[in-house]
Structures are given as structure tokens and as C-alpha cells.
Amino acid sequence: MNPLIFEHTLFRTRAHPIVFLFSIMPHIILLVAPPIALFILSARGIALPFTDTDIYPLLSMMAGSIYYLYVLMFLLYAFFDYFLDVWTITDHHIINVEQKSMFLRTISKEELNRVQDVTSEIKGIFGTFFNYGNVYIQTAGAHERIVFEKISMPQTVVDVILRAVKRRKDEIAHEYGDKNGSGL
Amino acid sequence: MLVSILFIAYAALLGVWLIASLIVIFYLLRYQSLSLSAWIVIAIYIFLSVNILYWSWHSTLPLLDFDFGFSFDSL
């Protein structure tokens, strides 16, 4: 029987939505730049090459549609990159899912009773204003620490993790009769 | 001649765009198929893409002077 069946998700989080907004700013600029540039050029009476030729409508439609389709695709990719980075806390584990690139996805899982230290960090004006930041989770052993990057309300998340860790350690101590909760 | 080269380049770029889009959509649905947000974003993406493609082809194809056997204005 798979013991993970009895796990319950305590919460699942992603980076703060404002982080996604910042990441798509270049795409938004690319979307609005051509009409603004054309407007400025026409307002100043500057004619583009080929404007008076037969090929111009064809060229502008082809180039314009390809340009907007590609900008749209990169916008979708930015969403994909944001949306597939998920951090989950269950009553047994911390699960860190990161989509690092199109074909590179890492999933790491750490047991709650191995957590030693949980730290939150809020940096910068936007982090302070929108209340987002990093949460660093240090576990026992030689593993890298787990980082929840730019999540909402990092201090609340730290409290939730610490409560879950304490509950899990108490469960293990009760189960094994071990007061230090190491489970050994 | 120039029109043919343009058309081939256009078709090639569209092909690359289509494959890349399908990969991203496939990945999103593979890992987040239960998420309503993912479905909404994909629906908006398909809607906008179809609109761009429709208007682009609608405006471009008559200029290519190809006989497709029907008029795009009748659509």
C-alpha cells in the first residue's frame, strides 16, 4: 500500500502574480510598440519604404501577423514558465516543482521531519509594497536548501510550514516513542 | 518570384510558430490539466491566434493571385 495516499495538501503556492506581470512587461511593450511607432511616423510625415508599392499591403500583413503571433507565443511561454513553478506543502512533505526551461523540469521532495530551519526574506520596494519574497527551507543532510521564490505572504508561509513540521515531528515521536521526533 | 519566396518564408515561420505553440499547450495541459486558469489562458491564446491568422490570410491571399476556387469575401 502506498503510504502517500494518506497525504493531505496543506497549501499550494506560486510566485506572486505581480512577478508574472513584471515578466510580461517586455511582451506588452512589443505588442503596443508597432502601432505607436507607425502613429508617430505618420504624424511626422515620415513614409516607410515600399508604402506606395503593390507589395506593401502583402508585406505588412505577413510581417505583422507573424510578429504578433510570435509575441503572443512568447507571452504564452512566460505564463507557462510562471504557472508551472509550484510549491506544495503536504502534511508529510515539501514538494518543489520547477520548470527551468521548456524541456527541463525538476521535482524535489523533502520530508517535513527533516526540516531544520525556515527563513523568509522580503527584498526591495515592490516586495515590501506587494508583500512577496523568498522562503528558504534548510533540511538535514547534504541536500541543497529549498527556495520558494517570490511567493505571496512569505512570513505566513513560514508559520504554516513550522506548524506543519512541529505536527509531523510530534506524530513521528508519538509513533516511535521518540521524544526528539527524529523518527530513528 | 518575390511573392513566392515571401509566401514560403511566411509558411515556414507559421509552421515553426504552430509547432512551438502546440508544445507549450501540450506541456501546460500535461501538468496543469485540472487548472481552470490554464484552460482560460489557452482558450484566449487560441482565440487571438485564430483571429490574427484569419485576418492575415483574408487580407493576404487575394494579393497572392492564387486561384483557390472560392472567394474569401464569401466567407
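Trainee: How many bridges join S5(A) to strand S6 of chain A?
Mentor: This is a predicted model. Strand S6 covers residues 132–139 of chain A, and S5(A) runs antiparallel to that strand. The number of bridges joining the two is 6.

Trainee: Which residue in S6(A) is the bridge partner of A:Val115?
Mentor: Start from strand S5, residues 115–121 of chain A. Its bridges lead to S6(A). There, A:Val115 has as its bridge partner A:Thr139.

Trainee: In what order do the 3 strands of that open sheet stand?
Mentor: The pairing in this sheet is antiparallel. Strand S5 and strand S7 (146–152) of chain A stand at the edges. Each has a single partner strand, so one side of each has no neighbour in the sheet. The order is S5-S6-S7.

Trainee: Which helix of chain A packs on this sheet?
Mentor: Look for contacts with S5, S6 and S7 of chain A. The helix that touches them spans residues 154–176. Its direction makes about 170° with that of S5(A). The name is helix H5.

Trainee: Now the open sheet of 4 strands. Which are its edge strands?
Mentor: The order is S1-S2-S3-S4 in chain A, with antiparallel pairing. An edge strand here pairs on one side only. That description fits strand S1 (9–13) and strand S4 (104–111) of chain A.

Trainee: What is the average twist from one strand to the next there?
Mentor: Keep the two sheets apart. In the sheet S5-S6-S7, the twist averages 20°. In the sheet S1-S2-S3-S4, the average is 10°.

Trainee: In S2(A), which residue is the bridge partner of A:Arg12?
Mentor: Strand S2 covers residues 86–90 of chain A. S1(A) runs antiparallel to that strand, and 4 bridges join them. The partner of A:Arg12 in S2(A) is A:Thr88.

Trainee: Next, the two chains. How much area is buried between chain A and chain B?
Mentor: The contact takes 25 residues from chain A and 33 residues from chain B. Carbon and sulfur atoms give 87% of the buried area. A:Met62, A:Leu69 and A:Leu76 supply 23% of what chain A buries against chain B, more than any other three residues. The area buried between the chains is about 2600 Å².

Trainee: Which helix gives the largest share of the side of chain A that touches chain B?
Mentor: That side divides into 21 nonpolar, 2 polar and 2 charged residues. The largest share is 18 residues. They come from residues 55–83 of chain A, helix H3.

Trainee: How many salt bridges does the rule find across the interface of chain A and chain B?
Mentor: Polar contacts are counted separately: 7 residue pairs between chain A and chain B. For salt bridges across this interface, the count is 0.

Definitions and conventions. Residues numbered from 1 in each chain as written. Chains lettered and ligands numbered in written order. Predicted model: local features only at pLDDT ≥ 70, side-chain atom pairs only at ≥ 80, totals over all residues. Heavy atoms only, no water. Pairing = 2+ DSSP bridges. Axes fitted to C-alpha atoms, helices over the stretch in contact; angles between N-to-C directions. Contact = heavy atoms within 4.5 Å. Buried area = accessible area lost by both parts, 1.4 Å probe. Salt bridge = Lys/Arg side-chain N within 4 Å of Asp/Glu carboxyl O. Polar contact = N/O pair within 3.5 Å; in protein donor to acceptor, adjacent residues only side chain to side chain. Nonpolar A, V, L, I, M, F, W, Y, C, P; charged D, E, K, R; others polar.
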